[in-house]
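Please look over the sequence and the structure shown here before reading on, and keep both in view as the explanation moves from one part to the next.

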Amino acid sequence: MFRLSQYMEQLQTPTPVRQRRGSVRPVVIWNLTRRCNLQCRHCYTTSADVPFPGELSTEQALGVIDDLAGFGIPALILSGGEPLSRPDFFELAAYARKKVRYLALSTNGTRIEGDMARKVAEIGFNYVGISIDGVGKTNDWFRGKEGAFDEALRGVQVCKELGIKVGLRFTPTDENAEQLRDILDLCEAEGIDKFYMSHLVYAGRGNKNRGDDAGHRRARTCVNLLLDRAWAALQAGRHFEVVTGNNDADAVLFLNWVRANFAEEKATHVEAHLAAWGGNSSGVGVANIDPTGKVHPDTYWSDYTIGNVKQTPFTELWTGDDKMLELLRTRPRPLEGRCGACQHQAVCGGNTRIRALQLTGNPWAEDPACYLDDSEIGLVAPEGPRLEVTTFRGKRHDPAHRFY
């Protein structure tokens, strides 16, 4: 996760670079259930409004919370599916609130009203993120339900009324990227605290529909717009936190933006902060527990399982000798292609490995969603054919096929 606004603040109020000491405790994203009342086109868990077998019992889930709290994780994000679909959600959330430092809820927002909204407020979440995929009917089409946008917006408004820090989450694709400006306008009009743009990752229905990915040009246009809006908010003294995820090339684009607009001294300072962050954190600073208790390097690595908390505590799995975790934690990672030759590995960390895996079968190949050209990543000459996601409407991409 690239906290754009946070690093922009270094241009106005520089602070010392904080170095990591000792082993990193991960932010844990926990998919409590696969059940959901919507059917989003890019859902990475392929959720539906039906019961799914094998999900953790209440007793098992409470035990996981104890283990995570004892491990000292910095944050726990309760997600789904739609986490509010789980009958014991509030029991688990209330227990976690007492145990962890930072507790967040990731929801589609359509159920946050009435008693449900009051219960969410009573828990005391540090943050509630509500996902939308456009304005009005565009969102409803993506989400598979008429009226879903109005329900989600009402969820946002209720959170604001109840004093809950709330943000919008958005994934740009070929079908909705042009609405990013409208969504940012909506954030300003509603006084929304935070905006998170997640680039498409090829997992679940997101993998089946990756032909709808925004592509390099649109993705770059989206990030440039976020740069403009985040800087304008900072200049105006207006609190508006902008974050992006699942494409760590965004940090390199930001660094190049700093170099083009500020003194080299400021750029050097920002780069030091970005290098201390280190880019992609799969298997390092982020972990995932899925509804059945399987542990993954992040929420999109569902095909790779470290172990299951039903048999082994998360703490033991995360600190064990798993070979994939060992490679993900290696710096620099064993990257190939353009990513392997990139001069910004310290900032980007090799970007999102699961996209490379889905398209080539090799998790260390270049990330096809990197929209930076060779000169921007320090390549003197091309390293061979470039792997790129190309949009072909109405067609599905063969995972084994390389797009150039």
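The paragraphs below go from the overall make-up to the sheet, then to the helices that pack on it, and finally to some single places along the chain.

This is a predicted model, and its secondary structure comes to 16 helices and 10 strands. Of the 404 residues in the protein, 57% are buried. When contacts between residues at least 6 apart in sequence are considered, 72% of them join residues that are at least 24 apart.

A good place to begin is the sheet. It is an open sheet of 10 strands in the order 7-6-5-4-3-2-1-8-9-10, and the pairing within it is mixed. Strand 7 and strand 10 (307–308) stand at its edges, and because each has a single partner strand, one side of each is left without a neighbour in the sheet.

At one of these edges, strand 6 (residues 194–198) and strand 7 run parallel and are joined by five bridges, with Met197 having Thr244 of strand 7 as its bridge partner. Is strand 7, which covers residues 241–245, mostly covered or mostly open? Strand 7 is mostly covered, since under 20% relative accessible area counts as buried and five of its five residues are buried. Glu241, Val243 and Gly245 point one way from strand 7, whereas Val242 and Thr244 point the other way, and all of these residues are buried.

Elsewhere in the sheet, strand 1 (residues 27–31) runs parallel to strand 8 (residues 286–289), and four bridges join the two. One bridge pairing here links Val27 with Val286, its partner in strand 8.

Attention can now turn to the helices that lie on these strands. Helix 2 lies across strand 1, strand 2 (76–79) and strand 8, and runs at about 175° to strand 1. Helix 3 also packs on the sheet, where it touches strand 2 and strand 3 (103–107), and its direction makes about 150° with that of strand 3.

How do these two helices meet each other? Two packed helices are described by the angle between their axes and the distance between the axes. Helix 2 (residues 58–71) and helix 3 (residues 89–99) pack at an angle of about 15°, with 10 Å between their axes. Because angles under 35 degrees count as roughly parallel, helix 2 is roughly parallel to helix 3. The crossing of helix 2 and helix 3 is right-handed. On the side of helix 2, the contact is made by Thr58, Ala61, Leu62, Ile65, Asp66 and Ala69, while helix 3 brings Glu91, Leu92, Tyr95, Ala96 and Lys99 to it. Sorted by class, the residues in this contact of helix 2 with helix 3 are seven nonpolar, one polar and three charged.

Two further places deserve a look. Arg118 has its place in helix 4 (residues 114–123), and with a relative accessibility of 44% Arg118 counts as partly exposed. Although Arg118 and Val158 are 40 residues apart in sequence, their C-alpha atoms are 9.2 Å apart in space.

The other place is helix 16 (residues 353–360), which is mostly covered, with six of its eight residues buried. The buried residues of helix 16 are Arg353, Ile354, Arg355, Ala356, Gln358 and Leu359. After helix 16 comes Gly361, which has a positive phi, near 80°.

Conventions: Residues numbered from 1 in each chain as written. Predicted model: local features only at pLDDT ≥ 70, side-chain atom pairs only at ≥ 80, totals over all residues. Heavy atoms only, no water. Axes fitted to C-alpha atoms, helices over the stretch in contact; angles between N-to-C directions. Parallel < 35°, antiparallel > 145°, perpendicular 65-115°, else oblique. Left-handed = near helix turned anticlockwise from the far one by under 90°. Contact = heavy atoms within 4.5 Å. Nonpolar A, V, L, I, M, F, W, Y, C, P; charged D, E, K, R; others polar. Buried < 20%, exposed > 50% of the residue type's maximum accessible area, 1.4 Å probe, protein only. Pairing = 2+ DSSP bridges.
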